[in-house]
Amino acid sequence: MSQLGFIKVSDKEFRKQLTNEELTALDAMKEKSPQLTSNFSDAFLMRFVFGRKLNPERSLIILENHLKWRLKFKLNEFDISHIKDFLLSNASFSNPFVKDKENRCIVYLFPHNFKFAGDVLSDLNYYLWSSYYFLDLILDYDLDFARQGMTVVEDFSETNLSDMMSMIVKGKIDMNAAMDAIQNCLPGRIRKVLILNAPWYIKILTKFAKSIKSKALKKMEVIKVEDLERFISKENLLKQYGGEVEWDNNRWVTEIMSARKVYLNGEYIHRDALEEKEEEKEEEKEKEERKEKKEKKKKEKKEK
């Protein structure tokens with residue numbers, strides 16, 4: 001594990017990376033339900049706190065949903081051999097070394113590659129296993145990915161309607177169950193969905209989304225390839241989109257699969273995520289001091 005930069009971390013070491021506000025939210029979550037939270041590390045619990053914007057009550061709800069979801073879809077029986085083809089298909093991948101302009105993780109989806117995805121189209125369990133495998137990895141890699149969420153870039157080039165229908169009809173993926181997992185059971189947050197080379201039916205869907213009150217659909221935006229640099233700087237953008245990043249996903253996946261054959265659930269964190277960020281800590285301290293001074297002045301004004 002260490003050769004890929006992941007090291008075993010204690011709660012004490014992990015807590016050093018959190019702000020006072022984050023620590024308060026985490027501790028409040030644990031205090032509200034010690035029975036539910038006592039068997040998990042702070043790193044694992046913090047995924048849910050970040051995923052619900054530091055709200056302890058909502059964090060507990062999604063944690064409970066997540067634990068039920070794990071039982072329902074048999075994550076305890078996880079076998080990496082069932083998702084190997086999917087991970088190597090380039091149907092979906094994330095480069096943990098780059099971020100978008102909002103400091104978010106970037107996830108790429110290429111629907112036309114799902115035909116190479118192997119077992120994941122034949123069994124919903126395998127599809128969800130693969131989704132959580134990469135989420136587990138990403139959240140261990142960089143705390144900011146948990147804090148800020150992710151931007152999804154979905155490229156429909158070489159994809160036609162018959163391909164999409166074939167994936168849904170011939171495959172055994174229950175899209176409702178998949179969406180429920182993303183929205184209500186998994187700690188990662190999708191903040192933006194950028195759609196490239198959109199076919200006509202996707203354009204209609206996104207236009208319809210603007211007319212209804214759907215937060216999920218309103219995160220979707222159809223853009224041209226040349227507009228990607230509005231969201232992702234050139235140095236963090238894949239070469240195929242005019243950026244500077246050369247990414248050998250198959251090599252990365254092969255290395256990761258050899259080191260992470262099971263879900264690690266925050267037990268091992270990437271060493272970069274544990275580096276002391278003195279500048280950030282100082283800024284947080286100054287922010288707290290300014291807040292205290294402001295509240296003190298308010299109080300003094302009221303007393304007068």
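**A sheet, two unusual loop residues and aromatic pairs**

The residue I190, in strand β5, is the bridge partner of M150. Strands are DSSP runs of E with at least two residues, helices are DSSP runs of H or I with at least four residues, and both are numbered from the N terminus. The model is predicted, so that local features need pLDDT of at least 70 and side-chain atom pairs count only at pLDDT 80 or more, whereas totals for chains, interfaces and linings use all residues. Residues are numbered from 1 along each chain as its sequence is written, and side-chain values use heavy atoms, with hydrogens and water left out.

The bridge between M150 and I190 belongs to the contact of strand β4 (residues 150–155) with β5, where 6 bridges join the two strands in parallel. Two strands are said to pair if DSSP finds at least two bridges between them. These strands form part of an open sheet of 5 strands, arranged in the order β2-β3-β4-β5-β6 with mixed pairing. At its edges stand β2 (92–99) and β6 (220–222), each of which pairs on one side only. On average, neighbouring strands of this sheet are turned by 20° against each other, direction ignored. Here the axes are lines fitted to C-alpha atoms, for helices over the stretch in contact, and angles run from 0 to 180 degrees between N-to-C directions.

At one edge, β2 is joined by 4 bridges to β3 (residues 105–109), and the two run antiparallel. Within this contact, S94 stands opposite V107 in β3. At the other edge, β6 pairs with β5 in the parallel sense over 3 bridges, and V222 in β6 stands opposite I195.

How many of the 7 residues of strand β5 are buried? The number is 5, so β5 (residues 190–196) is largely enclosed by the rest of the structure. Buried means under 20% relative accessible area, exposed means over 50%, and partly exposed lies in between (1.4 Å probe, protein chains only).

The backbone of the loops offers two points of interest. Most residues other than glycine have a negative phi. K53, although it is not a glycine, has a positive phi of about 50°. This residue is found in the loop between α4 (42–51) and α5 (56–72), and K53 is exposed, with a relative accessible area of 61%. A positive phi, of about 55°, also occurs at K74, which is not a glycine. K74 lies in the loop between α5 and α6 (84–88) and counts as partly exposed at 39% relative accessibility.

Aromatic side chains form the next topic. The structure holds 20 aromatic pairs. Rings of Phe, Tyr and Trp (its six-membered ring) pair if their centres lie within 6.5 Å; planes under 30 degrees apart count as stacked, over 60 as edge-to-face and the rest as tilted. One of the pairs is that of W69 and Y132, which is edge-to-face, with 6.0 Å centre to centre and 70° between the planes. Because W69 lies in helix α5 and Y132 in helix α7 (residues 124–141), this pair ties together parts that are 63 residues apart in sequence. Both W69 and Y132 are buried.

F97 and W247 form another edge-to-face pair, with 5.9 Å between the centres and 65° between the planes. F97 lies in strand β2 and W247 in the loop between β6 and α13 (249–259), so this pair ties together parts that are 150 residues apart in sequence. F97 is partly exposed, with a relative accessible area of 48%.

Finally, W69 and Y132 also belong to one aromatic cluster, which includes F73, F78, Y126, W129, Y133, F134 and Y263.
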